[in-house]
2 protein chains.
Amino acid sequence: MNVENSKSQMRKGMLEYCILLLLKSGPAYSNDIIRSLKEANMIVVDGTLYPLLSRLKKDGLLGYNWEESTQGPPRKYYRLSPAGREWLESLDVAWEELTQTVSMLKESHRRADADGNREAETDNNEQNNQ
Amino acid sequence: MNVENSKSQMRKGMLEYCILLLLKSGPAYSNDIIRSLKEANMIVVDGTLYPLLSRLKKDGLLGYNWEESTQGPPRKYYRLSPAGREWLESLDVAWEELTQTVSMLKESHRRADADGNREAETDNNEQNNQ
DNA sequence: TTTACTACCTTGCAAAACAAAGTAGTAAAA
DNA sequence: TTTTACTACTTTGTTTTGCAAGGTAGTAAA
């Protein structure tokens with residue numbers, strides 16, 4: 001278990017949000033998305049992306065159309081559906097809440113002894129084994 | 001599939017970070033943590049929390065000591081270990097990176113046509129079924 | 001006609017949140 | 001004393017999801 005693991009865990013939950021954000025500024029196909037996310041420090045591989053795009057499509061948040069490529073097979077260009085835009089607005093709110101939550105916790109906003117029962121600084125019964 | 005699901009997904013990845021953040025300001029036992037997180041809009045139940053605390057303990061990020069309670073069974077008060085503090089600092093950095101990433105994406109920082117191959121607005125081959 | 005490349009898709013695995021059920025000890029009520 | 005309620009900690013099974021790895025197929029250059 002290393003820190004990278006925890007970091008990627010933090011990124012995980014944001015993947016869906018980031019993809020919707022990205023598609024907000026225009027259609028894109030898998031490689032566009034992977035490249036853009038990589039530039040933004042979100043590491044994604046196609047084995048992760050394709051199932052996610054399929055799910056978002058199935059849920060009606062995305063649509064796509066095939067486009068010929070000058071060099072290689074045709075590409076699926078995904079774009080936000082109207083439902084996807086609404087969804088994204090909800091996630092914008094969720095993101096705001098999340099940043100607020102973290103800010104709160106950073107400012108030690110915790111009510112330190114709401115039940116008047118905190119003597120944990122005493123060192124009896126110390127246990128650090130296992 | 002509803003928006004709440006996506007929202008909770010966003011929160012999920014942050015749970016570990018929030019708990020470490022919370023413990024930074026002092027020891028706490030399960031109920032303290034659940035209550036504090038609830039106040040900060042992070043919904044957690046004990047079936048989620050206990051395994052997570054055990055894992056963090058096992059990884060050496062937390063220590064605990066038993067405390068008698070005036071009303072009920074004794075409690076495990078968890079606190080950050082020195083390793084936990086270092087870990088938390090790394091996650092602070094990760095959090096910064098994450099907020100930066102989202103900001104970037106929000107500002108449509110995507111290079112819209114890096115390979116000069118974007119005509120996806122044309123509507124041939126429209127596909128929106130299942 | 002091969003070989004390389006690109007794009008899309010699928011499968012199996014591991015991690016983790018969560019619900020739900022379980023254990024055990026304390027204290028108040030009967 | 002015995003029962004009941006409460007609190008705290010633990011465990012089990014399910015579901016979701018990211019991801020590695022492998023697979024298919026079509027295009028184009030060698």
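Me: Before we look at helix α4(B), what does buried mean here?

Reply: Buried means under 20% relative accessible area, exposed means over 50%, and partly exposed is the range in between. Please keep in mind that this is a predicted model.

Me: Thanks! Which residues of α4(B) are buried?

Reply: B:L49, B:L52, B:L53, B:L56 and B:K57 are buried in α4(B). They lie on the same side of the helix, because they cover an arc of only 135° around its axis. B:G47 and B:K58, on the other side of α4(B), are exposed.

Me: How do you know that the length of α4(B) agrees with what a helix should span?

Reply: At 1.5 Å a residue, the 13 residues of α4(B) should span 18 Å. The end C-alpha atoms are 18 Å apart, so the two values agree. Just after this helix, B:G60 has a positive phi of about 80°.

Me: What makes B:R35 and B:D32 a salt bridge?

Reply: The cut-off is 4 Å between a side-chain nitrogen of Lys or Arg and a carboxyl oxygen of Asp or Glu. For B:R35 and B:D32 the N to O distance is 2.8 Å, so the pair meets that definition. Both residues lie in helix α3 of chain B, 3 residues apart, which is about one turn of the helix.

Me: Is B:D32 called buried or exposed, and why?

Reply: B:D32 has 1% relative accessibility, so this residue counts as buried. Its partner B:R35 has 27% and therefore counts as partly exposed.

Me: Why is the contact of A:E4 with A:K7 called a salt bridge?

Reply: The closest N and O atoms of A:E4 and A:K7 are 3.9 Å apart, and the limit is 4 Å, so the pair qualifies. Being 3 residues apart in helix α1 of chain A, A:E4 and A:K7 are separated by about one helical turn. A:E4 counts as partly exposed because its relative accessibility is 44%, while A:K7, at 14%, counts as buried.

Me: And what about B:R55 and B:D59: what makes them a salt bridge?

Reply: Their closest N and O atoms are 3.8 Å apart, which is within 4 Å, so this pair also meets the definition. B:R55 has 24% relative accessibility and B:D59 has 27%, so each counts as partly exposed. In chain A, salt bridges that share partners join A:E16, A:R55 and A:D59 into one network.

Me: How many salt bridges does the structure hold?

Reply: There are 10 over all chains. As general background, side chains of opposite charge can pair when their charged atoms come close.

Me: Let's turn to the DNA. How do you know that B:Y50 makes a polar contact with DNA strand D?

Reply: A polar side-chain atom of B:Y50 lies 2.7 Å from a phosphate oxygen of DNA strand D. The cut-off for a polar contact is 3.5 Å, so this distance is within it. B:R75 has a side-chain N or O atom 2.9 Å from a phosphate oxygen of the strand, and for B:Q9 the distance from a polar side-chain atom to a phosphate oxygen is 3.4 Å.

Me: What else surrounds DNA strand D?

Reply: The strand is surrounded by 18 residues, and the closest are B:Y29, B:S30, B:N31, B:Y50 and B:K76. By class, this surface has 7 nonpolar, 7 polar and 4 charged residues. At least two residues each come from α4 of chain A and from α3, α4 and β2 of chain B.

Me: Which parts of DNA strand D lie within 4 Å of the protein?

Reply: Of the strand's atoms within that distance, 73% belong to sugar or phosphate and the rest to bases.

Conventions
Residues numbered from 1 in each chain as written. Chains lettered and ligands numbered in written order. Predicted model: local features only at pLDDT ≥ 70, side-chain atom pairs only at ≥ 80, totals over all residues. Heavy atoms only, no water. Near = heavy atom within 4 Å. Polar contact = N/O pair within 3.5 Å; in protein donor to acceptor, adjacent residues only side chain to side chain. Helix = DSSP H or I, 4+ residues; strand = E, 2+ residues; numbered from the N terminus. Nonpolar A, V, L, I, M, F, W, Y, C, P; charged D, E, K, R; others polar. Buried < 20%, exposed > 50% of the residue type's maximum accessible area, 1.4 Å probe, protein only. Expected span 1.5 Å × (residues − 1). Arc of directions from axis to C-beta.
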